[in-house]
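Colleague: I am new to this one, so could we walk through it together, a question at a time?

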Amino acid sequence: MISDGAAMPLGGQDGEPPEAQPAAAALERIADARATRDVLTGLPNRAVMLDRIGQALADGSRSGGCTAVLSVGLDRLQQINAEHGRPAGDALARRVASQLAGALRLMDTVGRFDGGEFAVLTPVLESPIHAVDLSARLITELARRPRQGDDGEGVAASIGVAVSVGGRGTPESLLEEAGAAMRRARSLGGARAEVFDDSLWLKVQQRWIARQMLQKALDERRVAVHYQPIVDLADGRVTGYEGLARIGESDGSILPPGAFLPAAEDSGLVVSLGGQVLEQACRDARAWQSPDDTLAAPSVSVNLSARQFRSGDLPAAVRAQLKRSGLDPRQLHLELTETAITGPQPALIEQLRQLRDLGVQLGLDDFGSGLVSLTQLLRLPLTYVKIDRAIAQGDGSDPSSTQLLTGAIGLAAELGLRSIAEGVETDAQLERLRELGCDEAQGYLFARPLPLHELPETLRDHNKRSSWRL
């Protein structure tokens, strides 16, 4: 590229042959497009939307006008991806992009951020009520059956509305507000619009503070892992530990997971968080590995988020941690929740199979909550299930609860999977689980999650095979 009248060397810049110049220019244009556009739909990406929202707010501060940002979330995109494959979901996203663009004014902007999440900017509105009217119109437009010749059916969408009058707020805060309203719309059943209000503002502020706190903790590597023992119900032996994330504060206090896990999931920081937990858990488990090969060393269980599977490189990351720590892969247990499985999801199942090939054992958390079908369960390369605490904590007085627990334990046995009950807190619950044939259990009855060095001596002396006697 020539600038300020500089001479171009013969053959192009830096001696490029003339025929390379068009190709180089094309590559430059592609790079520029990728920096500003969503690759799938061609819509503006987050960076462009933030810039345009900022311009609208600046205009609003001068004119006192009204600006609105809408967060549009497709309610069933994840299910469509799971049932029909990623190409079907991509086709749906492109169709929705076209529908949204066709329903807006020339001065409005629609962008796409990730998956089924779109954003709409309406820089000039007569009043906030017009933003609500627009959201209702968009819901109706997306729900309409496609024109003849198009594939598929109407789309259910949840929309969150955030309004700025006189330039209030920042581009980031408006997107946060709209996103919070969209999530509330989805939690209320979807296919509806919700407007950001004072109660949501408080939640957004809390979530924003939690996100900043978590990012700082990750940067400073203040993520700690606390361990809760898993006990064999036949002989009381500690067979393993579940590693649970905690955040250590500068004053020595420990933040519980509820203070940061929701923000971690929303922001995507759960991937970095999961990586640090996995690293520490592997290192700790290697330290307690028995030097006597005849003694089975306790396992360590680590929870996985659905987000950790999205990049497709989770098996490689686990392999690297195992190699770095020297941990026997058989000691590492990885758990995913039922909420992470909404369909066959071939890509996820393939990663699970690769993990099993490493020698890692896989478990399904929250088993019995009713989200996973038997067909889906059969496809998963599992070795155990963790029975949801709401089912395991029954006292036997409710016949339907007893039937559910009995069915969960029996189904696991029929499939050749170990059953582990979570949340055991009383002797009565423990005895009931033993009578029903549950294999293992964990809960406050045995120990709260604690740093490894604070666990009772009977739980830490693995070389002597000390047991928690029932």
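Modeller: Happily; this is a predicted model, and we can take its strands, helices and charged pairs in turn.

Colleague: Let's begin with strand 12. Which residue in strand 12 is the bridge partner of leucine 364?

Modeller: Strand 11 covers residues 361-367, and 3 bridges join this strand to strand 12 in a parallel arrangement. Leucine 364 has its bridge partner in strand 12, and that partner is valine 385.

Colleague: And on the strand 13 side, which residue stands opposite tyrosine 384?

Modeller: Strand 13, residues 418-421, also pairs with strand 12 in the parallel sense, over 4 bridges. The residue of strand 13 that stands opposite tyrosine 384 is arginine 418.

Colleague: Are the side chains of strand 12 buried or exposed?

Modeller: Strand 12 spans residues 384-387, with Tyr384 and Lys386 pointing one way. Val385 and Ile387 point the other way. Whichever way they point, these four are buried.

Colleague: Now the helices. At what angle do helix 9 and helix 10 pack?

Modeller: A packed pair of helices is described by an angle and a distance between the axes. Helix 9 is residues 270-287 and helix 10 is residues 314-325, with axes 9 Å apart. Helix 9 passes helix 10 in a right-handed crossing. The packing angle is about 35 degrees.

Colleague: How many charged residues does the contact of helix 9 with helix 10 have?

Modeller: From helix 9 come Gly275, Leu278, Glu279, Cys282, Arg283 and Arg286, which meet Val318, Gln321 and Ser325 in helix 10. By class, this contact has 3 nonpolar and 3 polar residues, and the charged residues number 3.

Colleague: Glu279 is in that contact. With which residue does glutamate 279 form a salt bridge?

Modeller: Side chains of opposite charge can pair when their charged atoms come close. Glutamate 279 has such a pairing, with the closest N and O atoms 2.7 Å apart. Its partner lies 58 residues away, in the loop between helix 7 and strand 6. That partner is arginine 221.

Colleague: Which parts of the chain does the salt bridge of aspartate 38 and arginine 112 tie together?

Modeller: The side chains of aspartate 38 and arginine 112 meet at 2.8 Å, N to O. Aspartate 38 is buried, at 12% relative accessibility, and arginine 112 is buried too, at 9%. The two are 74 residues apart in sequence, so the pair ties together the loop between helix 1 and helix 2 and strand 2.

Colleague: Where do arginine 86 and aspartate 90 lie?

Modeller: Their side chains meet in a salt bridge at 3.4 Å, N to O. Arginine 86 counts as exposed because its relative accessibility is 56%, and the cut-off for exposed is over 50%. The two residues are 4 apart, about one turn of the helix, and both lie in helix 4.

Colleague: How many salt bridges does the count come to?

Modeller: Besides the pairs above, Arg184, Arg192, Glu194 and Asp197 are linked in a network of salt bridges. The full count comes to 21.

Colleague: Last one: is phenylalanine 113 buried or exposed?

Modeller: Phenylalanine 113 is in strand 2, and touches Asn45, Arg46, Met49, Ala119 and Leu175, leaving out residues up to four places away in sequence. Its C-alpha atom is separated by 7.3 Å from that of aspartate 38, although the two are 75 residues apart along the chain. Buried means under 20% relative accessible area. At 18%, phenylalanine 113 therefore counts as buried.

Technical notes:
Residues are numbered from 1 along each chain as its sequence is written. This is a predicted model: local features need pLDDT of at least 70, side-chain atom pairs count only at pLDDT 80 or more; totals for chains, interfaces and linings use all residues. Side-chain values use heavy atoms; hydrogens and water are left out. Buried means under 20% relative accessible area, exposed over 50%, partly exposed in between (1.4 Å probe, protein chains only). Two strands pair if DSSP finds at least two bridges between them. Axes are lines fitted to C-alpha atoms, for helices over the stretch in contact, and angles run from 0 to 180 degrees between N-to-C directions. A crossing is left-handed if the near helix is turned anticlockwise from the far one by less than a right angle, and right-handed if clockwise. Contact means heavy atoms within 4.5 Å. Ala, Val, Leu, Ile, Met, Phe, Trp, Tyr, Cys and Pro count as nonpolar, Asp, Glu, Lys and Arg as charged, and the others, Gly among them, as polar. A salt bridge is a side-chain nitrogen of Lys or Arg within 4 Å of a carboxyl oxygen of Asp or Glu.
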